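Here's a quick tour of a single chain, going from the inside of one helix out to the overall picture. Have the viewer open and follow along.

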Amino acid sequence: MSAPAWAGLIIAGIVVPLLFPHYMTVFAFAWCMVVLALSWDICGGQMGYNSFGNIFFFGVGMYTCAVVQRDLWHGVASGQAQLVLTAPQYLIGLGLGLVAGVVAAVALAWLLGSQILGMRGHYFAICTLGLGIAAGEIATGVDFIGAGSGMVTPLMPAGLPGKEVFYYVFFMLLALFALWLLSRLYAGRFGLALNAIRDNEDKAEAMGLPTVAYKTTAWAVSAALLALAGGGVGNLIGFIDPIDVAFAGASFGVWMILMAILGGKGTLWGPLIGAFLFYAAKEITWTYFLGWQRVMLGALIVVIVVFFPEGIMGWLRERFPARFGDTSETTTSEDRP
């Protein structure tokens with residue numbers, strides 16, 4: 001990413017909430033959507049492995065963070081319906097919870113990825129879909145995390161900015177970090193290896209590329225970003241439901257795929273653009289078409305898949321190759337894993 005692009009993104013991130021201070025939560029979720037889209041695109045776009053179960057790591061990070069926050073200061077506010085902490089306790093618990101969430105998600109990504117990522121095509125997609133669904137059902141039966149009744153996260157203490165402002169800054173910094181990290185990874189050997197797997201995995205293996213190791217590493221990076229986003233979302237909402245929040249495959253799980261496709265999967269800017277546009281469209285339909293919002297979003301999904309299969313960046317690259325480069329994906333259907 002060029003310096004002007006970074007500057008424009010940071011300035012917009014600072015100025016927009018100042019102009020519209022009553023929409024801080026909306027803007028916080030918009031940045032969160034950027035993280036979700038970028039994390040899915042690591043495997044789905046750059047590597048060509050369309051996963052439907054990345055929501056699993058989102059939920060693992062959310063629950064792990066919340067459990068650490070709760071149990072780290074167990075007994076500090078005994079008898080209260082919701083844990084109330086001091087500012088230092090809250091920040092320490094949140095920091096340790098986020099780190100624990102990343103460790104848990106990455107460990108599971110390595111453990112599961114070494115087996116699941118040996119599959120290809122629709123076998124891989126179906127297996128990952130079952131992973132997210134199974135995790136949600138299991139969580140509803142675990143009393144330690146509230147089972148089906150859900151789990152409440154600690155209240156934001158006095159001495160810190162309002163919850164909306166705090167998590168707006170958190171998600172903006174997380175999105176910028178994800179952009180920086182992925183721009184560095186894609187520019188090096190790691191990015192070339194992922195693209196080689198996407199273009200023709202058999203040829204990549206024949207040339208000595210350790211494809212399973214690269215695929216597992218890519219899934220682990222995606223899991224780490226999703227775990228951080230999950231920990232933040234759990235605290236921003238304040239309540240974790242196993243099906244509708246933590247392992248919400250029908251919402252967050254589908255949205256991250258659609259956002260990457262809309263913007264142009266396999267690119268760095270595509271998921272970012274797609275996330276902002278999709279979330280803006282979702283908020284508009286929820287505001288002005290209440291009762292029909294799912295119909296409108298369903299129609300938007302059809303439009304995206306039918307008319308923008310290569311996404312916005314793919315459309316721009318096809319029509320303005322001198323400015324935007326090659327098409328976002330150069331593989332044919334025969335080359336896909």
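## A threonine in helix 11

Helices here are DSSP runs of H or I with at least four residues, numbered from the N terminus. By that count, Thr 285 sits in helix 11, which covers residues 269-288. Keep in mind that this is a predicted model.

Is Thr 285 buried or exposed? Its relative accessibility is 8%, so Thr 285 goes down as buried, the cut-off for that being under 20%. A polar atom of the Thr 285 side chain lies 2.7 Å from the backbone oxygen of Lys 282. Setting aside neighbours within four places in sequence, Thr 285 touches Leu 290, Gln 293, Met 296 and Leu 297.

## A greasy patch up front

Now hop over to helix 1, residues 3-19, where you'll find Leu 19. Leu 19 has 59% relative accessibility and therefore counts as exposed, since exposed means over 50%.

Leu 19 also belongs to a nonpolar surface patch of about 860 Å². The other contributors are Ile 10, Ile 11, Ile 14, Val 15, Val 16, Leu 18, Phe 20 and Tyr 23.

## The whole chain

Zooming out, the chain has 14 helices and two strands. Its C-alpha trace spans about 60 × 45 × 40 Å along the principal axes. The radius of gyration is 20 Å, in agreement with the value near 20 Å expected for a compact globule of 337 residues.

Buried residues account for 51% of the 337. Of the contacts between residues at least 6 apart in sequence, 78% link residues at least 24 apart. As for the outside, the accessible surface is about 15200 Å², with 69% of it on carbon and sulfur atoms.

Conventions. Residues numbered from 1 in each chain as written. Predicted model: local features only at pLDDT ≥ 70, side-chain atom pairs only at ≥ 80, totals over all residues. Heavy atoms only, no water. Patch = residues over 30% accessible without salt bridge, like charges linked within 9 Å, V, L, I, M, F, W, Y side chains within 5 Å. Areas by Shrake-Rupley, 256 points an atom, 1.4 Å probe, with all protein chains shown as cover. Salt bridge = Lys/Arg side-chain N within 4 Å of Asp/Glu carboxyl O. Buried < 20%, exposed > 50% of the residue type's maximum accessible area, 1.4 Å probe, protein only. Rg over C-alpha atoms; globule rule 2.2 N^0.38 Å. Contact = heavy atoms within 4.5 Å. Polar contact = N/O pair within 3.5 Å; in protein donor to acceptor, adjacent residues only side chain to side chain.
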